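The following report considers the surroundings of two bound ligands, taking the metal site of one of them as its point of departure. The sequence and the structure come first.

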Amino acid sequence: MNMSRIKMWALAIGFTIASPILTQAQPNADEGKKLYEANNCGSCHALDKKVVGPALRGVHERRSEEWLVKWIRNNKKFRESGDADAIALYNEYGGAAMNIFENLTPAQVLDIVEYIKTAPAPTAPKTDSPVGTVEPQTDSSTKYILLILVVIFGIVLMVLGRVKNTLRRVAAEKDPSEGEFLGDNRKWYLKMLPSKLAHMNPTVLAIFITLAVALPGAWYGYKFAITEVGVQKGYAPTQPIAFSHKLHAGELNIDCKYCHSTVEESKSASIPALNTCMNCHKGVQATEKYNGEISPEIKKIYAALDYDPQALPGKEYGNNPKPIRWVRIHNLPDHAYFNHSQHVVVGKLQCQSCHGPVEKMEVVQQWNTLQMGWCIDCHRNTGIDAANNNYYAALHDKAAKDLKKNQNNSQYFGPDGKVKITPAMNGGLECAKCHY
Ligand code: HEC
Ligand code: HEC
Ligand code: HEC
Ligand code: HEC
Ligand code: HEC
Ligand code: HEC
């Protein structure tokens, strides 16, 4: 009796302990979605469309869970173990290899499968409407010029009206029968003028008005010529190949650094060589859109590399490549120095904080002015994590001492009363840091 009681309790306790583990083992679609994104599955797969790899919707109907776990974690080992389906699939895709994901546990793979199983189907047929594209920011200078022209035109009319009235008055003095025109038959726009102005000598009025127009005009011209020339905010030239960041960096979610591969090590981010494109575009030819023909845009990549997709293996590349000349968009003057690795690695800034939402741009455009004031503003306002970065050790010590000494009056407090250390405090405003 007693023994069975104990057994019962032991069972109950065991069950309570095990139950969270049991429920945890249930695949979780939300987790799966996160893992799918974090591992960039989307750079080669879509749910409803063949991309580099197969469309994944319904894959759980084609393959067993066990098969999927083995495939996704290490498709190479799986193929080498002799699995016929795995080998057939690999051959079907012309040897385009999927990455190894041994970082994923089997349970995590099942989370991903659960996500694929339960992901909502696309609601509306996908159109090419520019939803989410970024409108190029138009230049407002033409608007100003028009406005100025309208004002000048209005003033010329006014002055002419005055002159005409004066002539009439003179005529009326000579011949009073003209007097009937003299009443208050001034044009409506003259009636609107203060009476002092309306009775002014037309020449004085003309000079006065000319000045009133000329001064703002000259000021605007000065400002435009001095400070706006060479500033290319919004510049979005047409490129020799219609390469879309919205598609590659947005929908396919390819990491910026996959293509701009030097951005963490060097001053410049660099534009990728066409060979980087070929990692995918040997296979991806967008033929569905062009009735089985290779996309004309992708043919441009092939032409530039002198690559013949029909040639025998080993003979695809000819010896007459012609490099693609991408049009450079961002361009600081020679006297200014800018370093990407400093900002991306040391400063831990996102590309988007300077380049805007590139992953939504069909055509890349310059998002900021790149003027000196823009650099300086950010250096004054951005906080840096001085505590956890050796690069700032000296500054960090200095700030710590100052905080101890001056307490709440320390210059290292931001307006919100929290400690704030900015690049400006680290010499980010010194001319020589940015000028050769
Ligand atoms: C570099 C491109 C690439 C990435 C990244 C990638 N795959 Fe694949 N995947 C492929 C290719 C290509 C195939 C087709 C088989 C082959 O050629 O190896 C494939 C096949 C598959 C299959 C089998 C589909 C079927 O119809 O049987 C599944 C499932 C799969 N991938 C899931 C994933 C998951 C999940 C991830 C992310 C963890 C992922 N893939 C990341 C390229 C990729
Ligand atoms: C698949 C490769 C690829 C990926 C991924 C990619 N880019 Fe690009 N990027 C290019 C190519 C090619 C160009 C040159 C053609 C153009 O301007 O569209 C370019 C141009 C640019 C330019 C303009 C360079 C200039 O001339 O001044 C910026 C800025 C840029 N990319 C930022 C990004 C950011 C930010 C991301 C990530 C969100 C990203 N890129 C992801 C290939 C890529
Ligand atoms: C990780 C894979 C990958 C890389 C790298 C890549 N692309 Fe793509 N690209 C794709 C996929 C997938 C598509 C969509 C194909 C489709 O619509 O069927 C595509 C579409 C395109 C298209 C549109 C084709 C059309 O006519 O619709 C162009 C142009 C293009 N890529 C150019 C490039 C260039 C240039 C590079 C190198 C700077 C590059 N791609 C790098 C995967 C990639
Ligand atoms: C979005 C904010 C931002 C913009 C815009 C920006 N910077 Fe910076 N900059 C930083 C941050 C944060 C640091 C601190 C990281 C570091 O010290 O490397 C920094 C550091 C620097 C440094 C090193 C200062 C030092 O001694 O550590 C230089 C030089 C510099 N920037 C130049 C420029 C130039 C030139 C421009 C404009 C073309 C510019 N920056 C635009 C945020 C910005
Ligand atoms: C602090 C601001 C800032 C950040 C952050 C930043 N850039 Fe830039 N980027 C610039 C400036 C300024 C230029 C113009 C440089 C020049 O003309 O010398 C530029 C130029 C470029 C170019 C043109 C080619 C080149 O190397 O000059 C590319 C491509 C580019 N950036 C990509 C990126 C990518 C990708 C990231 C994120 C990993 C990034 N940038 C982060 C400010 C920034
Ligand atoms: C954070 C970086 C930075 C610092 C610090 C900086 N400059 Fe600049 N400066 C620039 C950039 C970037 C340009 C180019 C901007 C452009 O083309 O409009 C520039 C342009 C100039 C120009 C050319 C005029 C113009 O507007 O094109 C002069 C002159 C100049 N800087 C002087 C100075 C002096 C003097 C100092 C020190 C008090 C200084 N700069 C500090 C980044 C900086």
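Helices are taken here as DSSP runs of at least four residues, numbered from the N terminus. With that numbering, the shell around ligand 2 draws at least two residues from each of helix 11 (245-251), helix 12 (256-259) and helix 16 (352-355). The model is a predicted one, and the contacts described below should be read as features of that prediction.

**Surroundings of ligand 2**

Around ligand 2 there are 21 residues, of which His245, Cys256, Cys259, His260 and His330 come nearest. Sorted by class, this shell consists of 13 nonpolar, six polar and two charged residues. Its polar contacts include one from the side chain of Gln239 to an oxygen atom of the ligand, one from the side chain of His260 to a nitrogen atom, and one from the side chain of His330 to an oxygen atom; the distances are listed in the table below.

**Iron site and surroundings of ligand 4**

In ligand 4, the iron atom is coordinated by His343 and His379, each through its NE2 atom, at 1.9 to 2.0 Å. The iron site has six donor atoms and is octahedral, with angles of 88 to 180° among them. Because His343 belongs to helix 15 (residues 340-346) and His379 to helix 17 (residues 372-381), the pair ties together parts that are 36 residues apart in sequence. His379 has a relative accessible area of 16% and is therefore classed as buried, the cut-off being under 20%.

The shell around ligand 4 comprises 21 residues, with His343, Cys375, Cys378, His379 and Lys433 coming nearest. Ligand 4 is also in polar contact with a backbone atom of Gln342 and with a side-chain atom of Tyr391, in each case through an oxygen atom of the ligand. The elements that give two or more residues to this shell are helix 15, helix 17 and helix 19 (431-434), and helix 17 gives the most, with four residues. By class, the shell around ligand 4 holds 14 nonpolar, six polar and one charged residues.

**Polar contacts of the two ligands**

| Ligand atom | Residue and part | Distance |
|---|---|---|
| Ligand 2, oxygen | Gln239, side chain | 3.2 Å |
| Ligand 2, nitrogen | His260, side chain | 2.8 Å |
| Ligand 2, oxygen | His330, side chain | 2.7 Å |
| Ligand 4, oxygen | Gln342, backbone | 3.2 Å |
| Ligand 4, nitrogen | His379, side chain | 2.8 Å |
| Ligand 4, oxygen | Tyr391, side chain | 3.0 Å |

Key
Residues are numbered from 1 along each chain as its sequence is written. Chains are lettered from A and ligands numbered from 1 in the order in which they are written. This is a predicted model: local features need pLDDT of at least 70, side-chain atom pairs count only at pLDDT 80 or more; totals for chains, interfaces and linings use all residues. Side-chain values use heavy atoms; hydrogens and water are left out. Donors are N, O and S atoms within 2.8 Å of the metal (3.2 Å for Na, K and Ca); water is not among the atoms, so sites may look incomplete. Four donors count as tetrahedral if all angles lie between 85 and 135 degrees; four count as square planar and six as octahedral if opposite donors are over 155 degrees apart and all others between 65 and 115; anything else is irregular. Buried means under 20% relative accessible area, exposed over 50%, partly exposed in between (1.4 Å probe, protein chains only). A residue is near a molecule or strand if one of its heavy atoms lies within 4 Å of it. A polar contact is a pair of N or O atoms within 3.5 Å; within protein, one must be able to donate a hydrogen and the other to accept it, and residues adjacent in sequence count only if both atoms are side-chain atoms. Ala, Val, Leu, Ile, Met, Phe, Trp, Tyr, Cys and Pro count as nonpolar, Asp, Glu, Lys and Arg as charged, and the others, Gly among them, as polar.
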